[in-house]
Amino acid sequence: GPGVDAPECSKAKVTQDNGSYYYECKKDTYYDDENEPYGYEAWLGAKGLVPQNMIVTLSCDDPYSDGTCPMDATDQRYLAYIGYSKNNASYDFSVETARSGNAFSNTNFACDKRADICRAQKEAQNNKAGLWSLGNSVDAVISKMGSTKRKWLGKMTSKCNSAM
């Protein structure tokens, strides 16, 4: 979702009986830009937040007049918030994945939920949850990620501090 960036993992193509396919993360022991520390675990955590077949709602910061979300020009993906309900409470995937320590707050793009995501990340840092078990600070954890992630998230700390 918008406002977060999870560690990357190696992808394994899974072909179904009907010929369709999808990709899953696979756990590897080497690390590079395509497979970063905690990438596999972050994928498992994301799957646990929003189980398969759960009804979700999609929204975005600046939808077009027909309600659709704009596509990110850089990598051709939609930047949409994923809303879901569990136990009669409503949640936002971007906030909850940051709270669980499965993603960084990505403050390089505009995001209406930035302050909530930054607070959730701070909570995960304080609890050493998820990827925050790799280090005590944003810089320490980012230094263990691939070069692409280090480039995109390098200014994250100051933007999160100003958002809260």
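A disulfide links Cys60 to Cys69, with the two sulfurs 2.4 Å apart. Keep in mind that you're looking at a predicted model. This bond is one of two disulfides in the structure. Besides those, there's a three-stranded sheet to look at, plus a pocket of about 220 Å³.

**The Cys60–Cys69 disulfide**
- Why does a sulfur pair at 2.4 Å get called a disulfide here? The cut-off is a sulfur pair within 2.5 Å, so Cys60 and Cys69 make it onto the list.
- The angle about the S-S bond of Cys60 and Cys69 is -100°, and this link is left-handed.
- As for solvent, Cys60 is buried, and Cys69 is buried too.

**The Cys9–Cys25 disulfide**
- Here Cys9 is joined to Cys25, with an S to S distance of 1.7 Å.
- The torsion about this S-S bond comes out at about -45°, so the Cys9 and Cys25 disulfide is left-handed.
- Where do the two ends sit? Cys9 is in the loop between strand 1 (4-5) and strand 2 (10-15), while Cys25 belongs to strand 3 (residues 21-26), so the bond ties together parts that are 16 residues apart in sequence.
- Are Cys9 and Cys25 buried or exposed? Both of them are buried.

**The sheet of strands 4, 7 and 8**
- Read across this open sheet and the strand order is 4-7-8, with antiparallel pairing.
- Strand 4 (57-59) and strand 8 (89-92) take the edge spots; each has a single partner strand, so one side of each has no neighbour in the sheet.
- On average, neighbouring strands in this sheet are turned by 30° against each other, ignoring direction.
- A quick reminder: strands in a sheet pair through backbone hydrogen bonds, in either a parallel or an antiparallel way.
- How many bridges connect strand 7 (residues 81-86) and strand 8? There are four, and the pairing is antiparallel.
- If you want to find a bridge yourself, look for Gly83, whose partner in strand 8 is Asp92.

**The second largest pocket**
- The second largest pocket has a volume of about 220 Å³.
- Residues lining this pocket include Gln16, Trp43, Val50 and Pro51.
- Which elements give two or more residues to the lining? Strand 3 and helix 1 (39-49) do.
- Strand 3 gives the most, with three residues.
- By type, the lining of this pocket has five nonpolar, two polar and two charged residues.
- Strand 3 therefore turns up in two of our topics: Cys25 of the disulfide with Cys9 lies in strand 3, and strand 3 also helps line this pocket.

Terms used: Residues are numbered from 1 along each chain as its sequence is written. This is a predicted model: local features need pLDDT of at least 70, side-chain atom pairs count only at pLDDT 80 or more; totals for chains, interfaces and linings use all residues. Side-chain values use heavy atoms; hydrogens and water are left out. Two strands pair if DSSP finds at least two bridges between them. Axes are lines fitted to C-alpha atoms, for helices over the stretch in contact, and angles run from 0 to 180 degrees between N-to-C directions. Buried means under 20% relative accessible area, exposed over 50%, partly exposed in between (1.4 Å probe, protein chains only). On a 1 Å grid over the protein atoms alone, a cavity is a set of points where a 1.4 Å probe fits but cannot get out, and a pocket is an open set with protein on both sides within 12 Å along at least five of seven lines; lining residues have an atom within 4 Å of a point. Grid points are joined across faces, edges and corners, and a volume is the space filled by probe spheres set on the points. Ala, Val, Leu, Ile, Met, Phe, Trp, Tyr, Cys and Pro count as nonpolar, Asp, Glu, Lys and Arg as charged, and the others, Gly among them, as polar.
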